[in-house]
Amino acid sequence: MTVRVGVLGATGAVGQRCIQLLDGHPEFELATVTASESSAGLSYREAAKWRIDAPIPESVADLTVRATDPDEVPDDVDLLFSSLPSGVAAEVEPGFAEAGYVLSSNSSNDRMADDVPLVIPEINPGHLDLLEVQRDERGWSGAVVKNPNCSTITMVPTLAALDEFGLERVHVSTLQAVSGAGYSGVTSMEILDNVIPHIGGEEAKMETESRKLLGSFDGAELSHHDAEVSASCNRVPTIDGHLENVWAETEDDPTASDVEEAFRGVEGLDLPSSPDPLIEVFDEPDRPQPRLDRNVGGGMAIAAGGVQETASGVQYNCLAHNTIRGAAGAAVLNGELLRSEGWI
């Protein structure tokens with residue numbers, strides 16, 4: 001039996017990708033879409049300046065866009081995917097949860113809140129039980145779960161695999177695609193023939209979200225992993241696909257083959273959007289590459305390669321499609337986990 005779902009912020013870049021991923025989904029039926037007041041009342045076809053490289057799904061093109069307000073969402077919608085700007089989400093998401101809606105949110109607000117689960121289903125599905133704490137503390141019948149930042153979600157599955165060797169310290173330098181900034185986030189005059197060695201707030205997100213995702217939940221409180229994480233984030237002129245150079249220091253002394261085996265051992269879940277394997281390992285020293293490898297696992301897998309031993313651990317490269325695994329696809333997968341665990 002399918003679950004009726006909605007998308008908040010449906011006309012934006014992540015909202016459009018979410019709608020594309022929900023088209024023909026085996027568990028979810030898209031029933032409603034919301035956007036700003038200026039778009040409310042229009043058909044989705046009229047309101048969305050569609051930028052995905054596939055046609056607007058016919059099932060949504062003629063849906064009437066509603067205002068992003070709990071009173072505007074039909075009562076029979078059980079799950080909402082939020083792709084709202086973080087400032088807007090911080091204002092409206094609590095109201096939806098108070099009204100009883102369950103939200104799988106890509107928005108960055110509250111990711112580090114003590115009672116909000118930050119989840120990658122293949123890595124820390126047990127953190128979803130933090131929703132019991134959330135409901136107790138906030139007194140609402142709904143729920144809010146978050147997926148991490150697009151650069152964090154690229155790296156953390158590989159760190160989870162390394163944790164068996166005693167993960168102690170991580171240094172990462174990112175090469176992030178322009179789509180991560182949104183359609184109008186970086187102008188052509190800024191990025192063509194250029195690299196921008198700063199992305200506001202990105203480094204702090206990687207450094208804190210990683211430790212929360214790798215932490216442990218005892219049923220009442222979440223303890224963050226004690227590994228040190230340092231990040232340098234750079235915007236590069238590729239369209240999709242965040243490539244990251246990672247140096248990891250471990251208590252043990254694994255070989256490159258040990259690390260590759262650990263990567264290959266990270267399994268997917270029995271959920272529609274979860275790839276198996278989660279981490280696709282390349283033997284070629286010049287892989288992964290964004291143009292060649294961002295769509296592995298339908299854009300939901302992590303590509304890794306270039307594993308080398310260093311004096312204090314290992315060095316490797318990892319890559320993920322930042323608007324699929326790193327945003328809309330991550331939210332959809334969290335929705336699938338919510339359904340399978342009985343939260344909706």
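This report describes helix packing, enclosed and open spaces, and some backbone features in a predicted model.

**Helix packing**

Three helix pairs are set out in the table.

| Helix pair | Angle between axes | Distance between axes |
|---|---|---|
| H6 (residues 150-162) and H8 (residues 202-213) | about 40 degrees | 9 Å |
| H6 and H9 (residues 256-264) | roughly 115 degrees | within 9 Å |
| H1 and H11 | about 55 degrees | 9 Å |

Helix H6 appears in two of these rows. With H8, the packing angle is about 40 degrees, and H6 and H8 are therefore oblique to each other. The crossing of these two helices, H6 and H8, is right-handed. On the H6 side, the residues in contact are Cys150, Ser151, Thr152, Met155 and Val156. On the H8 side they are Glu202, Lys205, Met206, Glu209, Ser210 and Leu213. Sorted by class, the residues in the contact of H6 with H8 are 5 nonpolar, 3 polar and 3 charged.

The other partner of H6 in the table is H9, and the axes of H6 and H9 cross at roughly 115 degrees. H6 and H9 also make a right-handed crossing. Here H6 contributes Thr158, Ala161 and Leu162, which meet Val259, Ala262 and Phe263 of H9. What classes of residue make up the contact of H6 with H9? There are 5 nonpolar residues and 1 polar residue, and no charged residues.

Helix H1 covers residues 13-22 and helix H11 covers residues 324-340. The axes of H1 and H11 lie 9 Å apart, at an angle of about 55 degrees. That angle makes H1 oblique to H11. The crossing of H1 and H11 is right-handed. Val14, Arg17, Cys18, Leu21 and Leu22 of H1 are in contact with Ile324, Ala327, Ala328, Gly329 and Val332 of H11. The contact of H1 with H11 has 8 nonpolar residues, 1 polar residue and 1 charged residue.

**The largest pocket**

The largest pocket holds about 1,400 Å³ of space. Its lining is made up of 49 residues. Which of the lining residues lie nearest the centre of the largest pocket? They are Ala13, Ser179, Ala181, Gly182 and Tyr183.

Some of the helices described above take part in this lining. H1, H8 and H11 each supply at least two residues of the lining of the largest pocket. H1 gives the largest share, with 4 residues. By class, the lining of the largest pocket consists of 17 nonpolar, 22 polar and 10 charged residues.

**The largest cavity**

The structure has 1 cavity of 30 Å³ or more. The volume of the largest cavity is about 60 Å³. Its lining residues are Glu93, Pro94, Asn109, Asp110, Val116, Gln134, Arg138, Trp140, Val144 and Lys146. Helix H4 (86-98), helix H5 (130-138) and strand S6 (143-146) each supply at least two residues of this lining. The lining of the largest cavity divides into 4 nonpolar, 2 polar and 4 charged residues.

Asp110, one of the residues that line the largest cavity, also has a backbone feature to note. Its phi is positive, at about 65 degrees, although Asp110 is not a glycine. Asp110 sits in the loop between strand S5 (102-105) and H5.

**Cis peptide bonds**

Where in the chain are the cis bonds that precede Pro277 and Pro288? One runs from Asp276 to Pro277, with omega near 10 degrees. Pro277 lies in the loop between H9 and strand S12 (279-282), and H9 is the helix whose Val259, Ala262 and Phe263 meet H6. The other runs from Arg287 to Pro288, with omega near 5 degrees. Pro288 is in the loop between S12 and helix H10 (290-293).

Key: Residues are numbered from 1 along each chain as its sequence is written. This is a predicted model: local features need pLDDT of at least 70, side-chain atom pairs count only at pLDDT 80 or more; totals for chains, interfaces and linings use all residues. Side-chain values use heavy atoms; hydrogens and water are left out. Axes are lines fitted to C-alpha atoms, for helices over the stretch in contact, and angles run from 0 to 180 degrees between N-to-C directions. Angles under 35 degrees count as roughly parallel, over 145 as roughly antiparallel, 65 to 115 as roughly perpendicular and the rest as oblique. A crossing is left-handed if the near helix is turned anticlockwise from the far one by less than a right angle, and right-handed if clockwise. Contact means heavy atoms within 4.5 Å. Ala, Val, Leu, Ile, Met, Phe, Trp, Tyr, Cys and Pro count as nonpolar, Asp, Glu, Lys and Arg as charged, and the others, Gly among them, as polar. On a 1 Å grid over the protein atoms alone, a cavity is a set of points where a 1.4 Å probe fits but cannot get out, and a pocket is an open set with protein on both sides within 12 Å along at least five of seven lines; lining residues have an atom within 4 Å of a point. Grid points are joined across faces, edges and corners, and a volume is the space filled by probe spheres set on the points.
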